[in-house]
Amino acid sequence: MKDEDKALINISIVDENTIRNKIYEVRGVKVMLDFELAEIYGYETKNFNRQVKNNTAKFEGDDFMFQLTKDEYDSLKCQNGISNQRGGDRRLPHAFTEQGIAMLSGLLRSEIAIQANILIMRAFIAMRRFLTANAQIFQRLDRIEVKQLENSQWQVETDAKIDAILDKIEE
């Protein structure tokens, strides 16, 4: 079976939900990692990164792509259960922002890459819509959390006053 055929099968089993699970927040930005993008696009990671390296002018600046630090990568592995099975490559992965992924569409022109890019862009759009649609709920949860903290502080102060009163009574 040719690599192109394998990749077509691979993209057919990838859906927006699978892609959403591969979108992480790093440095306050939603990103996808190079080895996961390579898998979705049907490339080996080294070939994927070679394409990017040969077109570095398109990815200048952290708003398109940046390399993770060891701490950032370790944190993602712990929080999201990212697999350590990345072959023998010991370098830290690159993180691609939504804009960087859009730039990839100009580099990777196979049918699989086009279909993958459409799914990835839809996943980013769906996430943005979800956050926008639920912004009020998130704000209310934040206010409830603040009230809970205030109430717990009030409870601590009240308990201290009651303890002081009981101490006076015992005396």
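# Close-up views of a predicted model

**View 1. The largest nonpolar core of the predicted model.** This core has 25 residues, and those with the most contacts inside it are Tyr41, Ile101, Leu104 and Ile120. At least two residues of the core are supplied by each of helix H3 (34–41), helix H4 (45–53), helix H6 (98–107) and helix H7 (111–133), and H7 gives the most, with 8 residues.

**View 2. The chain as a whole, with its 8 helices and 4 strands.** Followed from the N terminus on, the elements of the chain run α-α-β-β-α-α-β-α-β-α-α-α. The chain has 171 residues, of which 31% count as buried, and the structure holds 7 salt bridges, some of which are shown in the views that follow.

**View 3. Arg27 in the loop between two strands.** Arg27 is found between strand S1 (24–26) and strand S2 (29–33), and its phi is near 55 degrees, which is a positive value in a residue other than glycine. With a relative accessible area of 44%, Arg27 is partly exposed, because this value lies between the 20% under which a residue is buried and the 50% over which a residue is exposed.

**View 4. The salt bridge between Asp62 and Arg27.** The closest N and O atoms of this pair are 3.9 Å apart. The pair links distant parts of the chain, with Asp62 in the loop between H4 and strand S3 (65–67) and Arg27 in the loop between S1 and S2, 35 residues apart. Asp62 counts as exposed, at 52% relative accessibility, whereas Arg27 counts as partly exposed, at 44%.

**View 5. Salt bridges of Asp74 within helix H5.** Lys70 and Asp74 meet through their side chains in a salt bridge of 3.0 Å, N to O, and both residues lie in helix H5 (residues 70–80), 4 residues apart, about one turn of the helix. Asp74 also takes part in a salt bridge with Lys77, where the closest N and O atoms are 3.8 Å apart; here the two residues, again both in helix H5, are 3 residues apart, about one turn of the helix. In terms of accessibility, Lys70 counts as exposed at 53%, while Asp74 is partly exposed with a relative accessible area of 25% and Lys77 counts as partly exposed at 22%. Elsewhere, salt bridges that share partners join Arg27, Asp62 and Glu72 into one network.

**View 6. A nonpolar surface patch to which H7 and H8 contribute.** The patch, of about 560 Å², is made by Phe130, Leu131, Ile137, Phe138, Leu141 and Ile144. H7 and H8 each supply at least two of these residues, and the largest share, 4 residues, comes from H8. One of the residues of the patch is Leu141, which has its place in helix H8 and is partly exposed, with a relative accessible area of 49%.

**View 7. A negative surface patch that includes Glu171.** This patch is formed by Asp159, Asp163, Asp167, Glu170 and Glu171. Glu171 is found in the segment after helix H8 (135–170), and this residue is exposed, with a relative accessible area of 76%.

Notes:
Residues are numbered from 1 along each chain as its sequence is written. This is a predicted model: local features need pLDDT of at least 70, side-chain atom pairs count only at pLDDT 80 or more; totals for chains, interfaces and linings use all residues. Side-chain values use heavy atoms; hydrogens and water are left out. Patches are made of residues with over 30% relative accessible area and no salt bridge: like charges are joined within 9 Å, nonpolar side chains (Val, Leu, Ile, Met, Phe, Trp, Tyr) within 5 Å. Accessible areas come from the Shrake-Rupley method with a 1.4 Å probe; for residues, only the protein chains shown count as cover. A salt bridge is a side-chain nitrogen of Lys or Arg within 4 Å of a carboxyl oxygen of Asp or Glu. Lys and Arg count as positive and Asp and Glu as negative; His and the chain ends are not counted. The place of a charge is taken as NZ of Lys, CZ of Arg, CG of Asp or CD of Glu. Buried means under 20% relative accessible area, exposed over 50%, partly exposed in between (1.4 Å probe, protein chains only). A nonpolar core is a set of buried Ala, Val, Leu, Ile, Met, Phe, Trp, Tyr and Cys residues joined through side-chain atoms within 4.5 Å.
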